[in-house]
Amino acid sequence: GGNAPVIVMDDADLDEAVTSCVSGAFWAAGQNCIGTQRILIAAQVYERFRDAFVARTKLLRAGDPLDERTDVGPMITQQAAAATRAKVDTAVAEGARLLCGNTATGALYTPAVLEDVPPTCSIWQEEVFAPVVVLQPFTSFEDAIEQANAIDYSLHAGIFTSRLDRALTAARHLEAGGVMINDSSDYRLDAMPFGGYKYGSMGREGVRFAFEDMTQPKVVCINHISDVVH
């Protein structure tokens, strides 16, 4: 399972971060286990990022995937779209603020962006597997890492920063199977070792691991008794 966090530091390229996170969150209508779900943004740039992210999200068109004008296709079923809307409605009832989206028409669901989501809310705690994103400010780097790691399931995480030392520190401390630096959580090549962390860990996928899955190891032990030399 996943519930991918992405950290946006105050020294990040905000335009690049917004573009990458919108793609990472809403590609495949959010039905992606490494899709960006929680975006943690430095308080100094929170409003700038939020306003740009919401504006870009509102430009996305949900519709028929055969229509070239469509940006976000349907969810897997009408029931999945209705369930997603219900989860967002519950979050709003618990105190979250809906910034855009959350309309369901059949299997089509318009991308939803929320802020002020209580940490006890299911949308914060669990994988939504839908085009839903939570925005949350943080006050320090340590605070961002703590919030990112607060979830039991984790496949990928991301961080946007211009500082290499901070990126490498995040890579060490983020509890995720993969850490994407200056990209959203939604980056993967089939050749990369891919798998989870903590309760989301069930080994790794990838070329080398596929070879190992198709290999039958055999252990041979020899108790070699040498001749006694007189």
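Contact here means heavy atoms within 4.5 Å. Keep that cut-off in mind for each stop below. The model on screen is predicted.

**Whole chain**

Start with the full protein chain. Its C-alpha trace spans about 90 × 40 × 35 Å along the principal axes. Colour by secondary structure: there are 7 helices and 11 strands. Of the 230 residues, 44% count as buried. Now switch on the surface. The accessible area comes to about 12600 Å², and carbon and sulfur atoms hold 53% of that.

Next, colour the charged side chains. You will find 18 positive and 30 negative ones. The centres of the two sets lie 2 Å apart. For contacts between residues at least 6 apart in sequence, 64% join residues at least 24 apart.

**The nonpolar core**

Hide the surface and go inside. The largest nonpolar core has 57 residues. Select Ile7, Val8, Ile39, Phe49, Phe53, Val132 and Leu135: these have the most contacts inside the core. Helix H1, residues 14-26, supplies the largest share of this core, 7 residues.

Zoom in on Ile7. What does Ile7 touch, leaving out residues up to four places away in sequence? Its partners are Leu40, Phe138, Ala144, Ile145, Ala148, Gly158, Ile159, Phe160 and Leu174.

**Helix H1**

Select H1 next and check its length. At 1.5 Å a residue, its 13 residues should span 18 Å. The end C-alpha atoms are 18 Å apart, so the model agrees with the expected span.

Show the buried side of the helix. Its buried residues are Leu14, Ala17, Val18, Ser20, Cys21, Val22, Gly24, Ala25 and Phe26. Which elements do these buried residues pack against? Five strands and one helix can be picked out by number: E1 (4-8), E2 (36-42), E6 (112-115), E7 (132-138) and E9 (156-160), along with helix H2 (46-58).

**Arg61**

Follow the chain onward from H2. Arg61 sits in the loop between H2 and helix H3 (78-93). Is Arg61 buried, partly exposed or exposed? Its relative accessible area is 38%, and partly exposed covers the range between 20% and 50%, so Arg61 counts as partly exposed.

Display the neighbours of Arg61. Beyond residues up to four places away in sequence, Arg61 touches Asp67, Arg69, Thr70, Asp71 and Val72.

For the last stop, add Arg188 to the selection. Arg188 is 127 residues from Arg61 along the chain. Draw a line between the two C-alpha atoms: the separation is 25 Å.

Terms used. Residues are numbered from 1 along each chain as its sequence is written. This is a predicted model: local features need pLDDT of at least 70, side-chain atom pairs count only at pLDDT 80 or more; totals for chains, interfaces and linings use all residues. Side-chain values use heavy atoms; hydrogens and water are left out. A nonpolar core is a set of buried Ala, Val, Leu, Ile, Met, Phe, Trp, Tyr and Cys residues joined through side-chain atoms within 4.5 Å. Buried means under 20% relative accessible area, exposed over 50%, partly exposed in between (1.4 Å probe, protein chains only). Helices (H or I, at least four residues) and strands (E, at least two) are DSSP runs, numbered from the N terminus. Accessible areas come from the Shrake-Rupley method with a 1.4 Å probe; for residues, only the protein chains shown count as cover. Lys and Arg count as positive and Asp and Glu as negative; His and the chain ends are not counted. The place of a charge is taken as NZ of Lys, CZ of Arg, CG of Asp or CD of Glu. The expected span of a helix is 1.5 Å times one less than its number of residues.
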